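Biologist: Take me through this one term by term. I want each label set against its cut-off.

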Amino acid sequence: MKLLALYWSFMIIGYILANRLAAKGIYLSWIQKAMMITIYVLCLIMGLRMGINEQVTSNLGSIGIMSLIVTLFCVAGSMVAIFALRKIFGMDRHGNLKKLADSGKTASKVSDEENPLDIKSTIIILAVVAAGMVIGALIMAKKYPEILPGFDSASSTGLVVLLCILLFFVGFDLGASGNILDNFRTVGFRVVAFPFAAVIGTFIVGTACCMVMGFSIREGAAISLGFGWYTYAPVVIAGAGQQYMIASAVSFMHNVIRETAGIILIPVLAKKIGYLEATGVPGVAAMDVCMPIVERSCRPDTVIYSFATGLLMCIVTSTCVPLVMGL
């Protein structure tokens, strides 16, 4: 919760600063470029951390395949649930109420031409993560193992610092947009409804997928409730006993893949399927590392859904995984 308060503090500072600058007719055009550079550095560090982690590199075979399948089903469950709810609420794929959009009252609607898919950024992000993993596994872990403890500590601190910077940029863009509060009042309770849909969709489909692959209902539920939190859920599952080590390994790989998939796929899914559906892809990372990507790939006000989804998933994971495992 301390980190959560820290992240929000930086985002609020950015929001207030942008509002004040906007009132004076000032906008810092370099913010978007600075944001993307920060994302690339963050992705490189994440790739390095995954590369030096033996639990990741030593389970890229059968466990990796199972983890990938679980991730695909969990993400699909989340997106289908959000899609169904969006249709029930009568919202278009940009997250606008259709009746308001048709009447011209929704000022923040963004067309595909106004917000083009940035394939270049997606490819760069994928390449940076892959390069980080290769460097971490083949150079750092094998040739310089003595630096790993120090790197792990320093990179953890670096991730926090970079996330603070990113969320400052996100807050700045929200403040510069000028219509975030109006959109929040228009959307209302839907900000809560869509995160619950993402949680329920992930849980039902993910648990069913795990059971089909031979896991018990307890293991399947704990794996699907990880929501991309690879530093928490796998540890809790492993702590329940040696008999759950395979489930723990799958949980770890699945959660790593889910967060990485969010970083890579949000721009594509936002373009092809819908803005709200894209917020359900990364899991808990929707409220931190993936928020700038959501903000860039969708509309600034979509960040509200992203943060709410990540926060709810964080609460559910921290509460339900220990309960499911009987700890």
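**Helix α12 and its partner**

Modeller: Start with α12. It bends by about 55° at L265, and a proline, P267, follows within four residues. This is a predicted model, where local features need pLDDT of at least 70, side-chain atom pairs count only at pLDDT 80 or more, and totals for chains, interfaces and linings use all residues. Residues are numbered from 1 along each chain as its sequence is written, and side-chain values use heavy atoms, leaving out hydrogens and water.

Biologist: What does the bend at a residue stand for?

Modeller: It is the angle between two fitted axes, one for the seven residues ending there and one for the seven starting there. At L265 in α12 that angle is about 55°.

Biologist: What makes α12 a helix in the first place?

Modeller: A helix is a DSSP run of H or I with at least four residues, numbered from the N terminus. Helix α12 covers residues 245-272, which is 28 residues.

Biologist: How do you know that the span of α12 agrees with its length?

Modeller: The expected span is 1.5 Å times one less than the number of residues. For α12 that gives 40 Å, and its end C-alpha atoms are 38 Å apart, so the two agree.

Biologist: Why is α12 called mostly covered?

Modeller: Buried means under 20% relative accessible area, exposed over 50%, and partly exposed in between, with a 1.4 Å probe and protein chains only. In α12, 21 of the 28 residues are buried. M253 is found in α12. Its relative accessible area is 6%, so M253 is buried. The C-alpha atoms of M253 and I65 are separated by 9.4 Å, although the residues are 188 apart along the chain.

Biologist: How do α2 and α12 cross?

Modeller: Axes are lines fitted to C-alpha atoms, for helices over the stretch in contact, with angles from 0 to 180 degrees between N-to-C directions. The axes of α2 (residues 31-52) and α12 come within 12 Å and cross at roughly 160°. That makes the two helices roughly antiparallel. The cut-offs are under 35 degrees for roughly parallel, over 145 for roughly antiparallel, 65 to 115 for roughly perpendicular, and oblique for the rest.

Biologist: Which hand does the crossing of α2 and α12 have?

Modeller: Left-handed. That label applies if the near helix is turned anticlockwise from the far one by less than a right angle; clockwise is right-handed.

**The aromatic cluster**

Biologist: How many aromatic pairs does the structure hold?

Modeller: There are 5 aromatic pairs. What makes the pair of F89 and F194 edge-to-face? Their ring centres are 5.6 Å apart and their planes stand at 80°, so the pair earns that label. Rings of Phe, Tyr and Trp (its six-membered ring) pair if their centres lie within 6.5 Å; planes under 30 degrees apart are stacked, over 60 edge-to-face, the rest tilted.

Biologist: Which parts does the pair tie together?

Modeller: F89 lies in α4 (residues 62-89) and F194 in α9 (residues 190-212), so the linked parts are 105 residues apart in sequence. Ring pairs also bring in Y305, giving a cluster of F89, F194 and Y305.

Biologist: Are F194 and Y305 buried or exposed?

Modeller: F194 has a relative accessible area of 2%, so it is buried. Y305 has 3%, so it counts as buried too. Y305 sits in α15. The C-alpha atoms of Y305 and R190 are 8.6 Å apart, with their positions 115 residues apart along the chain.

Biologist: Why are α9 and α15 called oblique?

Modeller: Their axes cross at roughly 50° and come within 9 Å. That angle fits none of the parallel, antiparallel or perpendicular ranges, so oblique is what remains. The crossing is right-handed.

Biologist: What about the shape of α15?

Modeller: Helix α15 (residues 302-324) has 23 residues and reaches 32 Å, close to the 33 Å expected. It bends by about 30° at T317. G326 follows α15, with a positive phi near 75°. Just after α4, G90 likewise has a positive phi, of about 70°.

**A loop and helix α6**

Biologist: Which residue has a positive phi although it is not a glycine?

Modeller: F227, at about 50°. F227 lies in the loop between α10 (217-224) and α11 (233-238). With 0% relative accessibility, F227 counts as buried.

Biologist: Why is I135 called partly exposed?

Modeller: Its relative accessibility is 35%, so I135 falls between the two cut-offs. I135 is found in α6 (residues 119-143). M140 is found in α6 as well. At 10%, M140 is buried. The C-alpha atoms of M140 and I52 are separated by 6.8 Å, and the residues are 88 apart along the chain.
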